[in-house]
Amino acid sequence: MKKFLYVIALVFCLGSCVLNDDSEDEVSKNLLDVGTEAPDFMIYTNDNPEGFLFSSLRGKCVVLEFWRSWCSDCQAAEPTVKALHTQYASNDTVFVGVSFDTDSTAWQGYIDEHELNWIQFTELKAMKESPVAALYGVKWTPTFYIIDAEGKIEYGTIEVDDLAKELASDD
């Protein structure tokens, strides 16, 4: 019986790996193409409750992160994102977080607890209901984009390590 359960567990794990690979390809294919103009949207923050247009950041490189406070993959990526922010944020590079949290208290608590000291925005809508997610083809969190100074998509990925490599290659 133990061998049977072991075989079932092994088959399940192997199946999960294959499904995860397929899922990653499926999610990544929805990302915007390099060279596409980054869709514009309004960003409302505690510092700018009246809001500002995302396009107002043109002239700077923007690292755009789509995330959720309760997402384990987002939580695992956060130390790397914080390190990238520390390394790359400047007058010429801005980080913007777009959260799909629906609870403003949980969202703000996560930001405060993890000291996410860059622009943070939420529509207080789930990813599937978010107009911003639809504009950017986001089907998974975290999702990352690098947008160049002209407002064009330079890079898109769901892997924080790939984001780090791309930022390093731009140095």
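## The sheet

Let's start in the middle: β3 and β4 run side by side as a parallel pair, joined by seven bridges. (Two strands count as paired if DSSP finds at least two bridges between them; helices, H or I with at least four residues, and strands, E with at least two, are DSSP runs numbered from the N terminus.) Within this pair, Val 62 sits opposite Val 94 of β4.

Keep in mind that this is a predicted model, where local features need pLDDT of at least 70, side-chain atom pairs count only at pLDDT 80 or more, and totals for chains, interfaces and linings use all residues. Residues are numbered from 1 along each chain as its sequence is written, and side-chain values use heavy atoms, with hydrogens and water left out.

Zooming out, five strands make an open, mixed sheet in the order β5-β4-β3-β6-β7. The edges belong to β5 (119–122) and β7 (153–157), each with a single partner strand, so one side of each has no neighbour in the sheet.

## Helices across the sheet

Helix α3 (residues 104–114) lies across β3, β4 and β5, at about 165° to β5. Helix α5 (residues 160–169) lies across β3, β6 and β7, at about 150° to β7. (Axes are lines fitted to C-alpha atoms, for helices over the stretch in contact, and angles run from 0 to 180 degrees between N-to-C directions; contact means heavy atoms within 4.5 Å.)

## What's packed inside

In soluble globular proteins, nonpolar side chains tend to be buried together. Here the largest nonpolar core has 23 residues, and Phe 54, Leu 64 and Tyr 136 have the most contacts inside it. The elements giving it two or more residues are β3 (61–67), β4 (93–99), α4 (131–136) and β6 (143–147). Such a core is a set of buried Ala, Val, Leu, Ile, Met, Phe, Trp, Tyr and Cys residues joined through side-chain atoms within 4.5 Å. Buried means under 20% relative accessible area, exposed over 50%, and partly exposed in between (1.4 Å probe, protein chains only).

Leu 64 has plenty of company: leaving out residues up to four places away in sequence, it touches residues including Phe 41, Phe 54, Val 96 and Tyr 136.

## Odd spots in the loops

The peptide bond from Thr 141 to Pro 142 is cis, with omega near 0°, and Pro 142 is in the loop between α4 and β6.

Two residues have a positive phi without being glycine: Glu 115, at about 50°, and Leu 124, at about 60°. Glu 115 is in the loop between α3 and β5, while Leu 124 is in the loop between β5 and α4. Leu 124 is partly exposed, with a relative accessible area of 39%.
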